[in-house]
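Me: I have a model open and want to know what its labels rest on. Take me through the reasoning.

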Amino acid sequence: MGKDVIVACDFSSKEAVLSFLDKFTDCKPFVKIGMELYYAEGPAIVREIKARGHKIFLDLKLHDIPNTVKKAMSVLSNLDVDITNLHAAGTTAMMKAALEGLTRPDGTRPLLIAVTQLTSTDQESMERDLMIHAPIDQVVMHYAETARNAGLDGIVCSPLESGKVHDRCGKDFLTVTPGVRFADGDVGDQKRVMTPAAAKAIGSDYIVVGRPITAAPDPVAAYKRCIAEFCD
Ligand code: C5P
């Protein structure tokens, strides 16, 4: 899969997400489904959006013992999603088990990417609550390398980190980056942001864009602007 814009469909109901997607009459954006929508509507919403022809990144961030994650990933693989994810903090054994669970009998599987340290975790909370004392950027890079060594396809990271992750983990190791804003847009609650064009220049493979598209007066135009800046 090449560079693409993934639209974060952070809606709380089937009605809301489908009426949003109905606006896209001449294109089928790659859609991210997160915990809120999945827990509200269950796997049926994944099947329905898939049946409408969208690719899906199912963002459920699994983190449990290897056997449990392996079985859960096997269920997600049957849902025919294109990308899913887990916490690298679950360790190598969990990540390898996840890959086994995701792999279908014919050898195909969805892409699997890892969350490193959440962007809501800072140096202070990581030291205090997690008792991790290394500098947070080193921790993120170590988790990225651990994920790559376990056989995963990439990580979720800030677009500001994409270049460094590719240098350390190889250019084929995918960087999927939220925190994208238009140069003339609202930053909202995101702290470290980049435009789609800058994310392209630094080498992000996929950008995840929510409110700049979902809350735009014309979401289709905003999506096409992202595609023009990031993909073309
Ligand atoms: O609306 P916005 O463009 O900020 O949405 C970004 C999406 O990416 C949301 O679904 C958010 O939960 C997700 N995300 C993020 N930062 C991370 C990981 C995921 O913003 N570090």
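Reply: Start with the polar contact: a pair of N or O atoms within 3.5 Å; within protein, one must be able to donate a hydrogen and the other to accept it, and residues adjacent in sequence count only if both atoms are side-chain atoms. This is a predicted model, where local features need pLDDT of at least 70, side-chain atom pairs count only at pLDDT 80 or more, and totals for chains, interfaces and linings use all residues. Residues are numbered from 1 along each chain as its sequence is written, and side-chain values use heavy atoms, with hydrogens and water left out.

Me: What makes Arg 211 a polar contact of the ligand?

Reply: A side-chain N or O atom of Arg 211 lies 2.7 Å from a ligand oxygen atom. The limit is 3.5 Å, so the pair counts. Asp 10 also qualifies, with a polar side-chain atom 2.8 Å from a ligand oxygen. For Thr 119, the partner is a ligand nitrogen, at 2.9 Å.

Me: Why is Lys 70 with Glu 100 called a salt bridge?

Reply: The term requires a side-chain nitrogen of Lys or Arg within 4 Å of a carboxyl oxygen of Asp or Glu. Here the closest N and O atoms are 3.1 Å apart, so the pair passes. Lys 70 is in helix α4 (residues 66–78) and Glu 100 in helix α5 (residues 91–102), 30 residues apart. Helices here are DSSP runs (H or I, at least four residues), numbered from the N terminus.

Me: How many salt bridges are in the whole structure?

Reply: The search finds 17.

Definitions and conventions
Helix = DSSP H or I, 4+ residues; strand = E, 2+ residues; numbered from the N terminus.
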